Amino acid sequence: MGVVGRSETFSKLKNALSSNDRTFWFHCASLGEYEQGLPVFEALKSKYPNHKVVLSFFSPSGYEVRQNTKIADVVVYLPMDTKPNAKNFLDIVNPDYIIFVKYEIWPNFLSEIKKRTSKAILISAVFRNSQSFFKWYGGFMTSSLFAFNHIFTQDENSAALLKKTGYSTVSVSGDTRFDRVLNQLNTNNTISFIEAFKKDKTCVVFGSTWPDDDKLYLNFINDYSNRESKFIIAPHNIKSAYIASLKSQLRVKTISYSEMNDKDLSQYNVFILDTIGYLSKVYSYADIAYVGGAAGRTGLHNVLEPAVFGVPIIIGENYDKFPEAKTLIDLNGIKSVSSSMDFESTINTLITDITFRKEQGSINEAFIKENQGAVIQILDYIRI
């Protein structure tokens with residue numbers, strides 16, 4: 001998909017833009033970075049409605065899901081990082097302002113940006129000492145950072161590492177995802193079919209799960225069928241073969257989104273969300289959330305989405321690269337489990353002890369509110 005998509009980038013840009021257009025260029029590696037940058041993108045789009053927006057992705061996981069987003073006038077794959085591609089791209093787009101998100105460092109593109117003295121910033125950046133920027137052999141990559149007029153980091157450690165390279169125009173703004181998830185509270189999160197399924201029962205939502213996550217919780221669901229709880233599974237992979245495999249492992253009454261039709265959903269124990277676009281709203285119905293990705297090595301998914309609704313959270317054991325998870329574990333809003341027995345003990349406590357459950361959820365909700373404000377800080381810096 002990416003190879004074909006990249007071959008179409010320049011023709012798509014030429015068809016969408018004219019030489020008289022004033023433009024913003026937003027670039028994200030994939031879907032996660034897009035969600036991170038979205039509150040900034042939305043604010044700029046609102047403030048400068050006459051600017052056209054070019055949104056580029058490197059990964060198909062971002063492009064395929066958000067190629068029709070209303071935030072952009074044209075969505076493209078970023079061409080491969082060569083000098084001719086960088087020159088051609090910037091000649092066509094000619095952006096007034098450029099925003100890269102989190103990790104995106106493409107030396108040839110950034111070199112061309114610097115030559116043109118274009119206004120460019122990197123937001124929600126995270127740096128670690130192990131990265132090439134901070135090694136003796138990383139000079140070429142390190143020099144690329146200086147194409148950015150300003151870098152907004154998520155934490156103090158990242159800012160300190162940048163300053164060691166001689167890069168000084170850096171601010172610790174925090175993570176824009178906090179602002180993003182707080183916006184979810186201002187939207188209508190009602191989902192009629194989830195209400196029909198849950199009714200007044202305790203509801204556990206398993207979000208963005210992988211097979212390694214399934215191993216932790218499936219036995220518990222099968223053994224818990226006679227009690228007053230409902231379970232919603234929103235797997236990361238929604239292909240029919242995987243959904244069929246998941247259903248075959250469940251020994252309780254299970255129904256999926258794709259087959260619900262006019263059925264009485266209240267009669268089922270498990271609802272499988274084999275579609276996209278609902279999970280952030282579904283978390284508003286959760287009394288307890290399990291967020292997938294950390295039981296294996298695929299990477300922990302977004303724990304902030306359920307946290308904003310004041311929901312206690314369970315995750316797997318591989319969360320070291322996710323600072324918000326580490327912090328919430330220390331604060332006791334998230335519990336990490338390493339086995340099915342550990343999971344069963346943890347969730348039984350959360351289901352039966354309502355006071356404890358609400359205390360954990362309140363910790364998560366407060367954490368989100370305390371860390372908002374990155375978007376305002378970034379917008380205060382941007383001048384067109």
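Buried means under 20% relative accessible area, exposed means over 50%, and partly exposed lies in between (1.4 Å probe, protein chains only). I wrote that down before anything else, then looked up D73: at 40% relative accessibility, D73 counts as partly exposed.

**Ground rules**

I note that this is a predicted model, in which local features need pLDDT of at least 70 and side-chain atom pairs count only at pLDDT 80 or more, while totals for chains, interfaces and linings use all residues. Residues are numbered from 1 along each chain as its sequence is written, and side-chain values use heavy atoms, with hydrogens and water left out.

For helices and strands I use DSSP runs numbered from the N terminus: helices are H or I with at least four residues, strands are E with at least two.

**Entry: salt bridges**

I took a salt bridge to be a side-chain nitrogen of Lys or Arg within 4 Å of a carboxyl oxygen of Asp or Glu. By this rule I have 16 salt bridges.

I went back to D73 and found its side chain in a salt bridge with K45, at 3.4 Å from N to O. K45 belongs to helix α3 (residues 31-47) and D73 to the loop between α4 and β3, so the pair ties together parts that are 28 residues apart in sequence.

Next I looked up D223, which forms a salt bridge with R251; the closest N and O atoms are 3.6 Å apart. This pair links distant parts of the chain, 28 residues apart: D223 is in helix α11 (residues 211-223), and R251 is in the loop between α12 (240-248) and β10 (254-256). I checked the exposure of both: D223 is exposed at 52% relative accessible area, and R251 is exposed at 60%.

The third pair I looked up is K369 with E365, a salt bridge of 3.5 Å from N to O. Both residues lie in helix α17 (residues 354-370), four residues apart, which is about one turn of the helix. K369 is partly exposed, with a relative accessible area of 42%, and E365 is partly exposed at 28%.

I also noted a network of salt bridges that links K87, D91, E112 and R116.

**Entry: another residue of α17**

While in helix α17 I looked up E359, which is found there too. E359 is partly exposed, at 47% relative accessible area. From C-alpha to C-alpha, E359 and N332 are 9.2 Å apart in space, and they are 27 residues apart in sequence.

**Entry: strand β4 and its neighbours**

Is strand β4 buried or exposed? Five of the five residues of β4 (residues 97-101) are buried, so the strand is largely enclosed by the rest of the structure. I sorted them by side: Y97, I99 and V101 are on one face, I98 and F100 on the other, and both faces are covered.

For pairing I require that DSSP finds at least two bridges between two strands. Strand β1 (residues 23-28) pairs with β4 in the parallel sense over four bridges, and H27 stands opposite F100 in β4. β4 also pairs with strand β5 (residues 120-125), in the parallel sense over four bridges. The bridge partner of V101 in β5 is I123. From β4 the chain crosses through helix α6 (residues 107-115) to β5, and this β-α-β crossover is right-handed. That word means that, with the strands pointing away from the viewer, the path from the first strand over the helix to the second runs clockwise.

**Entry: strands β2 and β3**

In strand β3 (residues 74-77), V74 and V76 point one way and V75 and Y77 the other, and all are buried. Strand β2 (residues 52-57) pairs with β3 in the parallel sense over four bridges. L55 has V75 of β3 as its bridge partner. Between β2 and β3 the chain passes through helix α4 (residues 60-66), again in a right-handed β-α-β crossover.

**Entry: cysteines**

How many disulfides does the structure hold? I count a disulfide as a pair of cysteine sulfur atoms within 2.5 Å, and the structure holds zero. I checked two cysteines for burial: C28 is buried at 0% relative accessible area, and C203 is buried at 0% as well.
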